[in-house]
Structure formats: structure tokens, C-alpha cells
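Please look at the sequence and the structure shown below. The report that follows takes up a few local features, one heading at a time.

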Amino acid sequence: MAILLRNARVITATDDYHADVYAAGETITRIEQSIDPKSCAPGTEVIDAAGKYLFPGFIDPHVHVYLPFMGTYAKDTWETASRAAIVGGTTTLVEMICPGKTDEPKAAFETWLSKAKGVSACDFTFHMGVTRWDDLAEKQFREIVKRGIRSFKVFLAYKGALGVDDRELYHALKLAKELGVVVTAHCENETLVDERQKELLAAGKTGPEFHEPSRPPRVEAEGVHHLMTFAELTGAEVYVVHTSCDEAVREAQCAIARGVKAHVEVVLPHLILDHSYTQKDGFNGAKYVMSPPLRDKSQLPRMWGHLRSRTVSTVATDHAPFDFETQKTMGKDAFTKIPNGIPSVENRVDLLYTHGVCEGRIDLNTFVDAASTKAARIFGMKGKGTIAVGTDADLVVYDPNYRGKLSAKTHQMATDYSAFEGWEVKGRASVVTVRGAVMARDGKFVGKMGTGKLVERA
Ligand code: URP
Ligand code: ZN
Ligand code: ZN
């Protein structure tokens with residue numbers, strides 16, 4: 001099915017212009033000032049985008065869908081997560097494969113792939129989690145990279161669970177350097193977290209509001225510093241996920257200044273939520289427990305500043321959906337048992353637009369760059385992240401005049417709560433296409449499940 005988008009205001013990471021855009025199939029075939037529908041294939045769907053923006057399909061480079069974690073499983077399936085992503089304007093997801101320490105990497109890769117393939121409505125790829133290091137694992141990591149998974153994920157946090165030790169980190173980075181693979185990393189000093197958690201619990205400080213003091217900014221900055229030392233010595237390219245505070249960004253900045261190849265990601269919750277949310281009564285603060293934690297509100301303008309200056313490359317979500325009633329409450333007696341994560345894959349684009357673009361914190365080009373283009377470039381996603389002839393027809397016709405409110409009652413994500421209940425959004429995707437197929441219209445999913453493809457990566 002061919003589509004013609006007329007009168008569009010096309011926004012990419014660098015450009016802003018009016019044009020008609022035509023996709024005869026899965027890729028964009030023409031961009032011209034005016035395209036006569038009669039010159040298009042019979043049956044072409046013509047969409048009038050006057051008064052709306054045309055953005056490239058958004059990419060969320062950090063989500064969890066299938067996630068065995070902290071004694072439970074994240075709530076979404078690829079069906080619910082991809083539908084939520086698409087309705088919210090995100091057309092490609094990058095999921096972290098998180099094998100347990102004794103699991104074989106290849107088996108984990110097959111498991112994670114099987115959950116998405118034939119189920120997902122959006123395109124997808126993975127970061128391969130390195131949670132162990134031995135000869136067998138190394139051999140399998142090489143095979144997985146050959147299958148097109150050109151990024152790794154390491155956790156410097158989660159002691160005794162997913163976290164790697166320094167030997168494992170060193171070898172993962174050396175292999176990444178050899179294979180030209182980017183290493184994404186969750187940076188917090190796991191020993192400091194562990195010791196501080198014990199002290200707080202022993203002092204009777206068990207509520208969700210004590211999650212942040214157990215892992216303050218310096219703990220995260222130390223993790224980033226640690227990663228940068230290893231990256232410098234191995235020459236590997238690294239990507240710090242969910243950077244929550246100025247102290248951590250500055251550690252990455254210092255390393256970049258001395259020649260380390262590093263990228264910085266911020267996630268939506270760290271731009272618009274702060275530590276006070278974890279202090280909500282009735283244990284509702286647990287809804288906002290994630291790691292690194294939500295920070296003091298003085299951090300938020302500093303993080304927006306890093307995004308505006310493009311020191312921060314990408315805005316992801318770290319979507320990690322756990323129900324409030326049956327899962328977050330596992331930590332009623334100890335904040336260390338609250339499954340970490342905030343569901344947000346559906347809301348990233350609208351909340352970044354509302355709180356970033358509408359509030360004048362970032363411009364439209366930075367918005368597209370951070371929410372789409374940079375992720376495609378850093379992770380080598382062919383055909384993604386921009387609007388140009390020959391690229392995938394992943395497109396978002398965005399209505400800046402829409403006004404609406406977010407709620408768990410209406411969201412597509414599988415969780416029983418929204419971290420943004422009642423929040424206003426000032427914009428919404430009115431049409432979303434994935435490789436030329438219309439998948440969503442005005443907040444409703446209209447596509448076919450299972451049509452998402454594993455993204456080809458360079
Ligand atoms: O709180 C978080 N971030 N949960 C998901 C796991 C991770 O650390 O990415
Ligand atoms: Zn993490
Ligand atoms: Zn994560």
C-alpha cells in the first residue's frame with residue numbers, strides 16, 4: 001500500500017521545511033515540493049498533514065519488555081508494549097536482553113528474540129546483556145554479533161544479580177572494541193549501593209523514599225567514572241544509559257574531552273519527575289522507584305541543559321513495567337524489594353514534546369535528534385531515524401493542537417497504574433506508519449500485530 005503525505009512540515013534533526021512525501025512501499029521514494037496524487041500508484045492513501053509536523057518514526061533505545069527481575073517479571077508482552085509504543089509515536093524499540101548469570105547468552109538471545117518475532121507491531125532490535133564472562137560466553141557473544149546484534153549491555157549495579165565484576169567488564173569491552181560494538185552500561189557503584197541499603201534498612205528506613213539516599217548522585221558518578229576508565233584503556237565505544245544527574249553527566253563529559261568515545265542517554269522520568277514523587281503517601285511512592293533514582297528537583301533544569309547542548313545524545317524511557325497492586329507492593333517492608341522501573345514507552349514522545357518543545361527547553365530539531373536520529377546513528381540502524389529518499393517510511397504525522405490527559409484507564413501499556421496519571425499532553429501522533437503501513441490513527445492502534453521486523457544494523 002502506497003501513502004502520500006501532503007503539505008507536511010518535515011522536521012529532521014537538522015532540517016525544517018514544507019514538502020509532500022511519498023512512499024510507494026516500505027521506503028520513502030519521493031520528497032518534492034508538491035506531488036500530484038495522479039502521479040502515484042493506484043490506491044495510494046493520501047493524508048493531508050497541513051498544520052501538523054512530519055517527524056521520522058521515533059526510536060526508544062532502552063526498553064524492557066520481557067524482563068525477569070527482582071523476583072518477578074515485567075508486565076508487558078511484545079503485543080502490549082509495541083502497541084503502546086506505536087500509539088505514542090515510537091516505531092522502533094531496542095530491548096535489553098538480560099540473561100541470568102548462569103544462563104547461556106545464545107539461549108537468552110533466542111528467548112528474547114522469540115518473544116518479539118511475529119508478535120511485535122513495531123520494528124525492534126536488542127542490546128545483548130553481558131552478565132558472565134568465560135570461553136563459552138565469549139564464543140556465543142561473537143555469534144550473536146554476527147546475527148546483527150551490534151551492541152552489548154552491562155550492569156555495574158545489581159550486585160549478585162545482573163551486575164558484572166571488573167574482570168567481566170574489562171573483557172566485554174575488549175571484545176566490543178575488537179568487533180566494533182557499542183557497550184551500553186548502567187552505571188552505579190554496586191558495593192556502595194549494597195552497603196548503604198543495609199545501613200538504611202537497619203535504621204528502620206524502609207519506605208520507597210529511602211531508595212534515593214541509598215544511591216545518591218556520587219554513587220552514580222563513580223559508576224560512570226569507573227566505566228570511562230575501562231573504556232579509555234580498552235578503546236571501546238560506550239553509551240551510559242539513564243543518566244540521572246549532573247554529576248554523572250560531567251564524568252562522561254570529562255572522559256569525552258580526553259578522547260573516550262562515549263555517549264550519554266537520559267530517560268524521560270529523569271527529566272520530568274523528581275525525588276518528591278517517591279514520598280507520596282499510601283506506599284504510592286513505590287510507583288516511582290527506579291534506578292538510578294529520581295533526583296532532587298534541582299537536577300531537572302541541569303539535565304534539560306545537557307540535552308539542549310546535546311551533551312546528552314538520546315532520550316529513552318527505560319520502560320520497565322511492574323504493576324502497583326501485586327508487584328511494587330512486594331517491597332512494602334523494604335524498599336530494596338520494590339521492582340525497579342517506571343512504565344513510560346507510550347508517553348515519551350508526547351511528554352518530551354510537551355515539557356521540552358512547548359516549554360521552550362529544546363527546539364524541534366533537538367527533539368527529533370534525541371528521540372530518534374541519534375539512536376539510529378549510534379546503534380547503526382539502517383534506514384531509521386530520519387526522513388529522506390531511501391529511508392524506511394517510519395513516519396509520524398504529529399498534531400500540535402491536540403490536548404489530552406494521560407491515564408491508566410486509557411493507556412495501552414499493561415500496567416495497572418500510570419506514573420503520569422492526569423498529566424496534560426499538548427500534542428499527539430495523528431498518524432503513525434511503520435515501513436509504509438499505517439499503524440495508528442489519533443491514539444488508536446489500527447495496524448496488524450506481528451509485522452515488526454528485526455532491524456538491520458551496520
Ligand atoms: O529501574 C530500572 N532502571 N529498572 C530496569 C532495569 C534497569 O536498571 O535498567
Ligand atoms: Zn539500568
Ligand atoms: Zn533499563
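## The site of the zinc ion (ligand 3)

Along the chain, the donors of the zinc ion (ligand 3) are spaced as H-x1-H-x253-D. They are H62 (NE2), H64 (NE2) and D318 (OD), at 2.0 to 2.2 Å from the ion. A donor here is an N, O or S atom within 2.8 Å of the metal (3.2 Å for Na, K and Ca); water is not among the atoms, so a site may look incomplete. H62 and H64 are both buried, a word used for under 20% relative accessible area, while exposed means over 50% and partly exposed lies in between (1.4 Å probe, protein chains only).

The four donor atoms of the zinc ion (ligand 3) subtend angles of 85 to 141°, and the site is irregular. Four donors are called tetrahedral if all angles lie between 85 and 135 degrees; four are square planar and six octahedral if opposite donors are over 155 degrees apart and all others between 65 and 115; anything else is irregular.

## Basis of the model

This is a predicted model, in which local features need pLDDT of at least 70 and side-chain atom pairs count only at pLDDT 80 or more, while totals for chains, interfaces and linings use all residues. Residues are numbered from 1 along each chain as its sequence is written, chains are lettered from A and ligands numbered from 1 in the order in which they are written, and side-chain values use heavy atoms, with hydrogens and water left out.

## The site of the zinc ion (ligand 2)

The zinc ion (ligand 3) and the zinc ion (ligand 2) are 3.7 Å apart. From the protein, the zinc ion (ligand 2) has the donors H186 (ND1) and H242 (NE2), lying 2.1 Å from it. This site is irregular because the angles among the four donor atoms around the zinc ion (ligand 2) run from 56 to 147°.

H186 belongs to strand β12 (residues 182-186) and H242 to the loop between β13 (238-240) and α8 (246-257), so the two residues tie together parts that are 56 residues apart in sequence. Helices (H or I, at least four residues) and strands (E, at least two) are DSSP runs, numbered from the N terminus. H186 is buried, because its relative accessibility is 1%. H242 is also at 1% relative accessibility and therefore counts as buried.

## Around ligand 1

Which residues come nearest to ligand 1? Of the 13 residues around it, they are H64, Y158, H186, S291 and D318. A residue counts as near if one of its heavy atoms lies within 4 Å of the molecule.

Oxygen atoms of ligand 1 take part in several polar contacts, that is, pairs of N or O atoms within 3.5 Å; within protein, one must be able to donate a hydrogen and the other to accept it, and residues adjacent in sequence count only if both atoms are side-chain atoms. An N or O atom in the side chain of Y158 is 2.6 Å from an oxygen atom of ligand 1. For S291, a backbone N or O atom lies 2.8 Å from an oxygen atom of the ligand. For H186, a polar side-chain atom lies 3.0 Å from an oxygen atom of ligand 1. Taken alone, ligand 1 exposes 260 Å², and the protein buries 99% of that. Such areas come from the Shrake-Rupley method with a 1.4 Å probe; for residues, only the protein chains shown count as cover.

## A cis peptide bond

S291 also takes part in a cis peptide bond, which runs from S291 to P292 with omega near -10°. P292 is found in the loop between α9 (268-272) and α10 (299-308). F283 is found in the loop between α9 and α10. The phi of F283 is near 65°, a positive value in a residue other than glycine. F283 counts as buried because its relative accessibility is 11%.

## Aromatic rings

Rings of Phe, Tyr and Trp (its six-membered ring) pair if their centres lie within 6.5 Å; planes under 30 degrees apart are stacked, over 60 edge-to-face and the rest tilted. By this rule there are 22 aromatic pairs. In one of them the ring centres of F58 and F367 are 5.3 Å apart and the planes meet at 50°, so the pair is tilted. F58 lies in strand β6 (residues 58-63) and F367 in helix α12 (residues 364-378), 309 residues apart, and the pair links these distant parts of the chain.

F58 is buried, with a relative accessible area of 0%. F367 is buried too, at 0%. Ring pairs join F58 and F367 with Y53, F55, Y353 and Y398 into a cluster.
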